[in-house]
Amino acid sequence: MKLACITGASSGIGREFARRLDAEGYNLILVARSENKLKEIADSCTNSCRIITADLSKREECMKLGEELAKESLDIFINNAGFGCVEDFDASDLENDLKMIDVNVEALQILFRKVLPGFIARDAGIILNVASSAGLLYGGAYMATYYATKAYVTSLTSAVYQELKTRGSHVKVCMLCPGPVDTNFNNVANSKFALKGISAEYCVDYALKKMKQGKLTIVPGNIVRAGVTFGKFLPRKMQLAIVQHQQSKKR
Ligand SMILES: NC(=O)c1ccc[n+]([C@@H]2O[C@H](COP(=O)([O-])OP(=O)(O)OC[C@H]3O[C@@H](n4cnc5c(N)ncnc54)[C@H](OP(=O)(O)O)[C@@H]3O)[C@@H](O)[C@H]2O)c1
């Protein structure tokens, strides 16, 4: 029986990954802070589902979780927990921004680093780091910290992908870079979308297809995919101005 672990599984994209992987016959380990929501998801699963409540903004909890996961024979690890916030940087809630860095960057780094050696030893499996289309752009005014955290994720994932590729490893390391997805993200971020969001179902369906093919950069949705591709050819300041224009609609 195959085993998958998903962080941030209590809501949105993570919850949809749980639903889909359960339907595909995986046993699951689900991680988030909201125990009740995780229990509800576990109750609806057909296969075995273990829940782990952890606050991934706390380094000790991430380390402990990482050590537990390192003992498991994971086939899929989805490093998904994260959140954003819309605000002017100079008026931002510094504590909240630091917590965002703890969850989006530090927790992702710890868990990625702790589970990867097991995947390499088994020479199989898929690790998906959930970034964002934000992580493929130079920066996003009014979500400066969020964009920076996601740029970290795309840089880290790309480098590790390259290290494994040159070693001939069969481990697939991928990053999911969606634009807007209809989840609880906006409620947490105090935001509204500038573009129509895709559904979590579509996002996860697309991600599953591409991660199984071992695609490094997974961008669901034609408009966002065209946008990030086109964006690469723009001078930095021009791209920043276009992104700012879109971002201003989120406030
Ligand atoms: N929705 C979008 O438009 C969008 C676009 C691009 C990328 N993303 C990325 O997709 C990922 C999932 O977001 P989503 O859209 O599905 O949002 P969501 O519905 O708000 O889900 C976020 C998940 O992260 C978990 N989480 C947040 N802080 C946590 C903490 N301190 N410790 C443990 N778990 C924590 C939440 O669980 P608890 O609250 O129960 O802890 C929840 O399960 C994030 O990394 C996000 O940046 C989202």
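**Notebook: loops, ligand shell and cysteines**

I began with Ala-141, which I found in the loop between β5 and α5. The model is a predicted one: local features need pLDDT of at least 70, side-chain atom pairs count only at pLDDT 80 or more, and totals for chains, interfaces and linings use all residues. Residues are numbered from 1 along each chain as its sequence is written, and side-chain values use heavy atoms, with hydrogens and water left out. For the element names I rely on DSSP runs, numbered from the N terminus: helices are H or I with at least four residues, strands are E with at least two.

**Ala-141 and Tyr-142**

I looked up the cover of Ala-141. Its relative accessible area is 25%, so I noted Ala-141 as partly exposed. The classes are: buried under 20% relative accessible area, exposed over 50%, partly exposed in between, with a 1.4 Å probe and protein chains only. Which residues does Ala-141 touch, not counting residues up to four places away in sequence? I found Gln-244 and Gln-247. Contact here means heavy atoms within 4.5 Å. I also took the C-alpha to C-alpha distance from Ala-141 to Ala-32: 29 Å, with the two positions 109 residues apart in sequence.

Tyr-142 lies in the loop between β5 and α5. Its phi is near 75 degrees, a positive value in a residue other than glycine. I noted this because most residues other than glycine have a negative phi. Tyr-142 counts as buried, at 17% relative accessibility.

**Asp-123**

I then checked Asp-123. It is not a glycine, yet Asp-123 has a positive phi of about 50 degrees. Where does Asp-123 lie? I placed it in the loop between α4 (94-122) and β5 (126-130). Asp-123 is partly exposed, because its relative accessibility is 31%.

**Thr-145**

I moved on to helix α5 (residues 144-166), which holds Thr-145. Is Thr-145 buried or exposed? Its relative accessible area is 11%, so I entered Thr-145 as buried. Beyond its neighbours within four places in sequence, I listed contacts of Thr-145 with Phe-89, Asp-97, Met-100 and Ile-101.

**The ligand**

I turned to the ligand and its shell. There are 30 residues around the ligand, and Ser-11, Arg-33, Ser-34, Tyr-146 and Thr-183 come nearest. A residue is near a molecule if one of its heavy atoms lies within 4 Å of it. I sorted the shell by class and got 15 nonpolar, 12 polar and 3 charged residues. Ala, Val, Leu, Ile, Met, Phe, Trp, Tyr, Cys and Pro count as nonpolar, Asp, Glu, Lys and Arg as charged, and the others, Gly among them, as polar.

I looked for backbone atoms facing ligand oxygens. A backbone N or O atom of Ile-13 lies 2.8 Å from an oxygen atom of the ligand. For Asn-80, a polar backbone atom is 2.8 Å from a ligand oxygen. For Asn-184, I read 3.2 Å between a backbone N or O atom and an oxygen atom of the ligand. How much of the ligand does the protein bury? Taken alone the ligand exposes 870 Å², and the protein buries 94% of that. I noted that α1 (12-23) and α5 are the elements that give two or more residues to the shell around the ligand.

**Ser-10 and Thr-53**

Ser-10 lies in the loop between β1 (3-7) and α1. I entered Ser-10 as buried, because its relative accessibility is 11%. Leaving aside neighbours within four places in sequence, Ser-10 is in contact with Arg-15, Ala-32, Ser-34, Lys-37, Leu-38 and Ile-41.

I found Thr-53 in strand β3 (residues 49-53). At 39% relative accessible area, Thr-53 is partly exposed. With neighbours within four places set aside, Thr-53 contacts Ala-32, Arg-33, Glu-35 and Leu-38. Thr-53 and Ser-34 are 19 residues apart along the chain, and their C-alpha atoms are separated by 6.9 Å.

**Ile-198**

Ile-198 sits in strand β8 (residues 198-199). Not counting residues up to four places away in sequence, Ile-198 touches Pro-180, Val-181, Asp-182, Cys-203 and Pro-220. I read 9.4 Å, C-alpha to C-alpha, from Ile-198 to Thr-183, 15 residues apart in sequence.

**Cysteines**

How many disulfides are there? I counted 0 disulfides, taking a disulfide as a pair of cysteine sulfur atoms within 2.5 Å. Cys-45 is in no disulfide, and its nearest cysteine sulfur, that of Cys-49, is 4.1 Å away. Cys-45 counts as buried, because its relative accessibility is 15%. Cys-49 is likewise in no disulfide.

How values were computed:
Polar contact = N/O pair within 3.5 Å; in protein donor to acceptor, adjacent residues only side chain to side chain. Areas by Shrake-Rupley, 256 points an atom, 1.4 Å probe, with all protein chains shown as cover.
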